[in-house]
Amino acid sequence: MPINENLVQEIVQEVMAKMQIADAPTGKHGIFKDMNDAVAAAKKAQVVVRNMSMDQREKIITCIRAKIHESSEVLARMGVDETGMGNVGDKILKHHLVADKTPGTEDITTTAWSGDRGLTLIEMGPFGVIGAITPCTNPSETVLCNTIGMLAAGNTVVFNPHPAAIKTTIYAINLVNEASLEAGGPDNIAVTVEAPTMETSAIMMKHKDIPLLVATGGPGVVTAVLSSGKRGIGAGAGNPPALVDETADIEKAARDIINGCTFDNNLPCIAEKEVVAVSSIVDELMHYFINDNDCYLASEEEQKKLIDVVLAGGRLNRKCVGRDAKTLLSMIGVTVPSNIRCIVFEGPKEHPLITTELMMPILGVVRAKDFDDAVEQAVWLEHGNRHSAHIHSKNVDRITKYAKMIDTAILVKNGPSYAALGFGGEGYPTFTIASRTGEGLTAAHTFTKSRRCVMSDALCIR
Ligand code: NAD
């Protein structure tokens, strides 16, 4: 029988491709040197995922959840060690939250109409391979939460993570692939490159096999993704104000605000970044901050020193992001006991430590004449991000007015900001809050496309 040269060539290419894929330099699953190889591997895995039953997908997700629980401490420590940001205890909680409450396949639902002319369904189908860009502030939390949601919807995912969190990200990506293999699924349900750069990001964004991009990060990356010419989900920056009026339970408001603001050293994009309070209760609120909630009142001189360090050269100093209050104070020569967890002060809304999204436990309080003035100042401080805001008030009409005026994806009333993620609040968590593009808190359903499936004149059995 004559040798079919084309067939031999095809086999050789396939073997070569497999060898390249197997040649993961870190020895971990889903990690590649080359972005094109990573995309090819995720594409291959998606063909398998696409043909799986929902039950099989759910089995993989159950295994991922178990592995996150087992590795929560390792991941939390790695995240803090590698990025220098956040704190281990809160990061452990965040991982358990992702494992327990990130929606799986139950989030994929069908809409149906049936009648004399037949049966019509809207099914939520996968996009295919999703390109996702992740921040250094919640690195493994975002990768794990994104992967569960994207996989539940039938996709696989290529990550271009923040280089400052690459080791932690690789650990998380290996974990989800190990879970998939253990549960009988394919390798490479999530992939990345060992050295992510702007170039690898550009390759991913332009790749013909990636129809959907999901960006979690600051304004630069969201704009880049939304300018790509592809469908983009943009989870951008916030600067959430917490408004407190005179009808609130001030003691509880103080506790909730400091608990939310100091969670993981203020890294979550939803966390309270400043307070706007009506004048008549500012002193009482400050009293509770300082006397009952371990806050340090910074003098004007200390505020100036903090500005010089935290916003050195007019730019956010990355070395200060996600640090605890004691460390930040030590950077300006102030020594405090270790129970101090937040730095507070009063200032105008234009104060650099108030108007900038700092992502550290420094909480400025802006005094407002009355409720309407507070709303106006809070809206200004949110900078039109439409991300998150918080309010402490017992007056429902006022809460409604604030909600309409600030128009954010998240508005927590009378609780700490993390209630929005299902910590002490109802609902599911996510670390990708699509503020810019309007999907809000992303979950499996966000990563699907709508398909209408019509049976004409049949299958109605009513
Ligand atoms: P960052 O914007 O510096 O980086 C985020 C990611 O985008 C990284 O992977 C980075 O490498 C990449 N990136 C940055 N500019 C890019 C560009 N022009 N093209 C392609 N890729 C680019 O943000 P960070 O410091 O890692 O995270 C903090 C920021 O992210 C804050 O502004 C925070 O509010 C925001 N954030 C938002 C959400 C959300 O759900 N909306 C969640 C977490 C963090």
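In this predicted model, Gly 86 sits in the loop that joins helix 3 to helix 4 (88-101). Gly 86 counts as buried because its relative accessibility is 11%, under the 20% cut-off. Leaving out neighbours within four places in sequence, the contacts of Gly 86 are Val 80, Lys 91, Asp 264, Asn 265, Leu 267 and Gly 322. A further long-range pairing joins this picture: the C-alpha atoms of Gly 86 and Arg 323 are 6.3 Å apart, although 237 residues separate the two in sequence.

The helix that precedes this loop deserves a closer look. Helix 3 covers residues 54-83 and spans only 36 Å between its end C-alpha atoms, whereas a straight helix of 30 residues would span 44 Å at 1.5 Å a residue. Where is the kink in helix 3 centred? It is centred on Ser 71, and the angle is about 60°. Just after helix 3, Gly 84 adopts a positive phi of about 75°.

On the other side of the loop, helix 4 gives a useful contrast. Its 14 residues reach 20 Å from the first C-alpha to the last, close to the 20 Å expected at 1.5 Å a residue. Which residues of helix 4 are buried? They are Val 88, Asp 90, Lys 91, Ile 92, Lys 94, His 95, Leu 97, Val 98 and Ala 99. The cover over these buried residues includes helix 3, helix 5 and helix 9 (250-262). Lys 91 is thus on the buried list of helix 4 and also among the contacts of Gly 86.

Helix 9, part of that cover, has 13 residues and reaches 18 Å between its first and last C-alpha atoms, close to the 18 Å expected at 1.5 Å a residue. Its buried residues are Ile 250, Ala 253, Ala 254, Asp 256, Ile 257, Ile 258, Gly 260, Cys 261 and Thr 262. Just after helix 9, Asp 264 takes a positive phi of about 45°, and this Asp 264 is one of the residues in contact with Gly 86.

Helix 5 (residues 139-152) holds Ser 140, which is buried because its relative accessibility is 1%, under the 20% limit. Apart from residues up to four places away in sequence, Ser 140 touches Leu 75, His 95, Thr 168 and Ala 172. Of these partners, His 95 is listed among the buried residues of helix 4.

A second serine makes a friendly counterpoint. Is Ser 279 buried or partly exposed? Ser 279, in helix 10 (residues 279-292), is partly exposed, with a relative accessible area of 27%. Not counting residues up to four places away in sequence, Ser 279 touches Arg 367, Ala 368 and Lys 369. The C-alpha atoms of Ser 279 and Asp 245 are separated by 8.6 Å, with their positions 34 residues apart along the chain.

Positive phi values also turn up at other residues that are not glycines. Asn 188 has a positive phi of about 70° and lies in the loop between helix 6 (166-182) and strand 6 (190-193). With a relative accessible area of 7%, Asn 188 is buried. Asp 457, in the segment after strand 18 (448-456), has a positive phi of about 60°. At 46% relative accessibility, Asp 457 counts as partly exposed.

Turning to empty space, the largest pocket has a volume of about 750 Å³. The lining of this pocket comprises 35 residues, and those closest to its centre are His 162, Thr 216, Gly 217, Gly 218 and Val 221. Strand 4 (129-134), strand 5 (156-161), helix 7 (198-206) and helix 8 (219-226) each give two or more residues to the lining of the largest pocket. By class, the lining of the largest pocket divides into 20 nonpolar, 13 polar and 2 charged residues.

How many cavities of 30 Å³ or more are there? The count comes to 1, and about 30 Å³ of space lies in the largest cavity. Lining the largest cavity are Thr 102, Cys 145, Asn 146, Gly 149, Thr 430, Thr 442, Ala 443 and Phe 447. This lining has 3 nonpolar, 5 polar and no charged residues.

Terms used:
Residues are numbered from 1 along each chain as its sequence is written. This is a predicted model: local features need pLDDT of at least 70, side-chain atom pairs count only at pLDDT 80 or more; totals for chains, interfaces and linings use all residues. Side-chain values use heavy atoms; hydrogens and water are left out. Helices (H or I, at least four residues) and strands (E, at least two) are DSSP runs, numbered from the N terminus. The expected span of a helix is 1.5 Å times one less than its number of residues. The bend at a residue is the angle between axes fitted to the seven residues ending there and the seven starting there. Buried means under 20% relative accessible area, exposed over 50%, partly exposed in between (1.4 Å probe, protein chains only). Contact means heavy atoms within 4.5 Å. On a 1 Å grid over the protein atoms alone, a cavity is a set of points where a 1.4 Å probe fits but cannot get out, and a pocket is an open set with protein on both sides within 12 Å along at least five of seven lines; lining residues have an atom within 4 Å of a point. Grid points are joined across faces, edges and corners, and a volume is the space filled by probe spheres set on the points. Ala, Val, Leu, Ile, Met, Phe, Trp, Tyr, Cys and Pro count as nonpolar, Asp, Glu, Lys and Arg as charged, and the others, Gly among them, as polar.
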